[in-house]
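Open the model in your viewer and keep the selection tool at hand. The stops below go from the whole chain to single helices and one residue.

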Amino acid sequence: MRLLMTPKDAYHWLTEHSLETAYLQSMGRLLGWDQRTHIPAKGHPHRHNQFAMLAKWIHVRGTDPRVGEALARVEASDLIADPMAVAAVNVREWRRDYDRAVKIPQDLAVALAKATAEGETVWERTRPASDWETFKPFLAAVVALKREEARALGYAAEPYDALLDDFEPGETAAALAPLLGELRLSLLRVLAGVQGSGRRPRGEVVRRLFPVDAQDRLARLAAQAVGYDFAAGRLDPTAHPFMEGIGPGDARITTRFDEHYFCQAFFGVLHETGHALYEQGLPESHWGAPRGDTVSLGIHESQSRLWENLVGRSLGFWRFFYAKAQETFAVLQDVPMEVFHFAVNEVKPSLIRTEADEVTYNLHILLRFELERALMNGGLEVPDLPGAFNDKMSAYLGLTPPGPGQGVMQDVHWSAGLFGYFPTYTLGNLYAAQFYARAEAELGSLEEGFARGDFASLLIWLRDRIHSQGRRLWARPLVREVTGEELTPRHLVRYLQRKFGALYDFPADG
């Protein structure tokens, strides 16, 4: 009977099937948000089993032979004659997802879901005490399963590509490596300019006493000011900040507070707000299908990094917002706005990636990219990871972590099986700078608008050019369409040279 379906009927069936699967995935995201924010300590084992069952159901739906039959029926019709039409975009992406899913055995999908849930739980418990020996076997289990996944998916050049492609479709390690290498040289030149300068910010002004409840209030004001809809989201504390897009009307953000450090929570909230603005700007009428989904992790990161750094750390932003900060914190009453702005833009190599400045942040990413690439390709094993991590930190940032908690264990990503995720942060920085430059070319000086409290002009531009597009284009073609040029480090490097050259008084050309 299925063979008698018309292409139109087949497309309708695929749409309903995709929507139902999306509801299951949404339930999984809700369970994941709860696990990282509110779950009772004794609830983790049951939650791991819930994740495993959901993974089984989703895998069964994703590999259903009827999906392949329906896709073939539609692909042979004129419903996809226009490659940019909604139906064609959905079918193209459903085909990609189906072809990947059928390569993963069900038992592997279930094992991965359970191992990563367990790994994340153990990471959260062992990281504060730097307990690498307890964490190590759980990470080793995840690494073994991810290597198995890469083999199952297949690859043209190296195993790492199979995993990277899940986060950044069409990207490869070989294409990324020279891009990151070129960026690294430029970053080191900017860093040399900073370190050779006689100017230094008063870093202590952001390390005074900032009560957590007041930080929370100010962060909420900032998120709301740039466009976050709290009626369609919420803010909660967590061990490792994240944003979770549950579905239409529900994009949740989290942060981590330190009452003796202003920047961690405030800019963490702006970062996650950028992610949430993307989710809140997706076309709701297409939810549950690729045309209503996000493009890639790199494009997602471009939105978070743009709002955190290009907006939130700009002088224009603080010309508008600093009075609110001074009203909130008495300890800032004696601090001029320009002094505070310099302090939140201090460049100083640090141990913790999430606290890194704009210049050194991508060096953190580069070393993680190289390590996880070696892990997946078999050139590095889990027992050797702490030493390799410390060696890279020393070579790239001149620092040696005092223990695994501030070194190899500081990020949740590997315990959660997110190999291939890290380079999307740097791709996000590259995309963000290129998008921002184009927006400013079309809209005029954005910082002048920020100083007036106008963040809506930029958000509307992003909604039109990026958020509303769903998965119509992959990342690099989207960048080309929006900016009129191929992806290049030039815009990010120019932005960093000009900004930090002005702050630290060194020539903007490096």
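The tour starts with the whole protein and then turns to selected parts.

**Whole protein**

Begin with everything shown as a cartoon, and keep in mind that this is a predicted model. The cartoon should show 20 helices and 3 strands. Turn the view along the principal axes: the C-alpha atoms fill a box of roughly 75 × 55 × 45 Å. For 510 residues, a compact globule would have a radius of gyration near 24 Å, and the 23 Å of the protein agrees with that. Colour by accessibility next; 57% of the 510 residues count as buried. Of the contacts between residues at least 6 apart in sequence, 73% join residues at least 24 apart.

**Helices α9 and α10**

Select residues 212-226, which form helix α9, and residues 262-280, which form helix α10. Their axes come within 9 Å and cross at roughly 30 degrees. Because angles under 35 degrees count as roughly parallel, α9 is roughly parallel to α10. The crossing is right-handed.

Which residues of α9 and α10 make the contact? Show side chains for Gln-215, Leu-218, Ala-219, Ala-222, Ala-223 and Val-226 on α9. On α10, show Phe-262, Ala-265, Phe-266, Val-269, Leu-270, Thr-273 and Leu-277. This set divides into 11 nonpolar residues, 2 polar and no charged.

**Leu-277**

Stay on α10 and centre on Leu-277, which lies in that helix. Is Leu-277 buried or exposed? Its relative accessible area is 0%, so Leu-277 is buried.

To see what surrounds Leu-277, leave aside its neighbours within four places in sequence. The residues then in contact with Leu-277 are Val-226, Gly-227, Tyr-228, Trp-307, Leu-459, Arg-463 and His-467. Now add Asp-229, which is 48 residues from Leu-277 along the chain. A distance label between the C-alpha atoms of Leu-277 and Asp-229 should read 8.3 Å.

**Helices α14 and α16**

For the last stop, select residues 361-377 (helix α14) and residues 423-443 (helix α16). These helices pack at an angle of about 140 degrees, with their axes 8 Å apart. The crossing of α14 and α16 is left-handed.

Show the side chains where the helices meet: Tyr-361, Asn-362, Ile-365, Phe-369 and Glu-372 in α14, and Pro-423, Tyr-425, Thr-426 and Asn-429 in α16. How many residues of this contact are nonpolar, polar and charged? The contact of α14 with α16 has 5 nonpolar, 3 polar and 1 charged.

Methods. Residues are numbered from 1 along each chain as its sequence is written. This is a predicted model: local features need pLDDT of at least 70, side-chain atom pairs count only at pLDDT 80 or more; totals for chains, interfaces and linings use all residues. Side-chain values use heavy atoms; hydrogens and water are left out. Axes are lines fitted to C-alpha atoms, for helices over the stretch in contact, and angles run from 0 to 180 degrees between N-to-C directions. Helices (H or I, at least four residues) and strands (E, at least two) are DSSP runs, numbered from the N terminus. Angles under 35 degrees count as roughly parallel, over 145 as roughly antiparallel, 65 to 115 as roughly perpendicular and the rest as oblique. A crossing is left-handed if the near helix is turned anticlockwise from the far one by less than a right angle, and right-handed if clockwise. Contact means heavy atoms within 4.5 Å. Ala, Val, Leu, Ile, Met, Phe, Trp, Tyr, Cys and Pro count as nonpolar, Asp, Glu, Lys and Arg as charged, and the others, Gly among them, as polar. The radius of gyration is taken over C-alpha atoms; the globule rule is 2.2 Å times the number of residues to the power 0.38. Buried means under 20% relative accessible area, exposed over 50%, partly exposed in between (1.4 Å probe, protein chains only).
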